[in-house]
Amino acid sequence: MQLRSSPHRRAQSYQVSFRPEFIRRLIVKGVMMAFYRDEKQFYAVMDRLFGRLMKDAKATNQFARSNMVIRLNTRQPNAQILLDGRGRPVEALFGPQVGKADLELNLEADTLHRIWLGEVRLRDAFFGGQIATKGYVFKAMQLGELFQEAERQYPQVLLEMGLR
């Protein structure tokens, strides 16, 4: 790969190496492509991940005690996940759902992807403006154990699905 900084400077060569999780991200005309190609792929990954998480009482106990409903709205692709902690077991519903959530989190799917790969800290994404909220933001702390377990299991889900 050659990079030219100006017509007056000699081109310099750089060796570039990619970590496996970035292989799917291509740079086309200077624009980073999204990890998920469409909402169908996003929902397939989330369905497998949350299917595992909902079976793990340790991951869902804190959220279940909160008696909350949280909606995750993603962009690129546009998708919704509704986490319903009002009953046991905790439910994860995919796609647009009727009803009001106690807290809505709006973020890019790539931000969620990077959080669960451990590349971005959840707290940094909140305070850095990558996650917009509607509702009482401190209620998001009830997602702590669930998100920690998601971060632990997400890379394995990607491997199993051939995405990493």
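**Notebook: pocket and rings**

I looked up the largest pocket first; 19 residues line it, and R121, L122, R123, F126 and M141 are the ones nearest its centre. The model I am reading is a predicted one.

I then checked which elements give two or more residues to this lining, and found α4 (122-127) and α5 (144-160). The space in the largest pocket comes to about 390 Å³. I sorted its lining residues by type: 12 are nonpolar, 4 are polar and 3 are charged.

Next I turned to the aromatic rings. How many aromatic pairs are there? I have 8 in my notes. One of them joins Y36 and F42, with 5.1 Å from centre to centre and 90° between the planes, an edge-to-face pair. I looked up whether these two residues are buried or exposed. Both Y36 and F42 are buried.

I also looked up Y43 and F94. Their planes stand at 65° and their ring centres are 6.2 Å apart, so I entered the pair as edge-to-face; the cut-off for that label is over 60 degrees. Where in the chain do Y43 and F94 lie? Y43 is in helix α1 (residues 39-54) and F94 is in strand β7 (residues 91-94), so this pair links distant parts of the chain, 51 residues apart.

I checked accessibility for both. Y43 counts as buried because its relative accessibility is 16%, and the limit for buried is under 20%. F94 has a relative accessible area of 25%, so I put it down as partly exposed.

Last, I traced the ring pairs onward. They link F35, Y36, F42, Y43, F50, F94, W116, F147 and Y154 into a cluster.

Key: Residues numbered from 1 in each chain as written. Predicted model: local features only at pLDDT ≥ 70, side-chain atom pairs only at ≥ 80, totals over all residues. Heavy atoms only, no water. Phe/Tyr/Trp six-rings, centres within 6.5 Å; stacked < 30°, edge-to-face > 60°. Buried < 20%, exposed > 50% of the residue type's maximum accessible area, 1.4 Å probe, protein only. Helix = DSSP H or I, 4+ residues; strand = E, 2+ residues; numbered from the N terminus. 1 Å grid on protein atoms, 1.4 Å probe; cavity = no way out; pocket = protein on both sides within 12 Å on 5 of 7 lines; lining within 4 Å. Points joined across faces, edges and corners; volume = space filled by probe spheres on them. Nonpolar A, V, L, I, M, F, W, Y, C, P; charged D, E, K, R; others polar.
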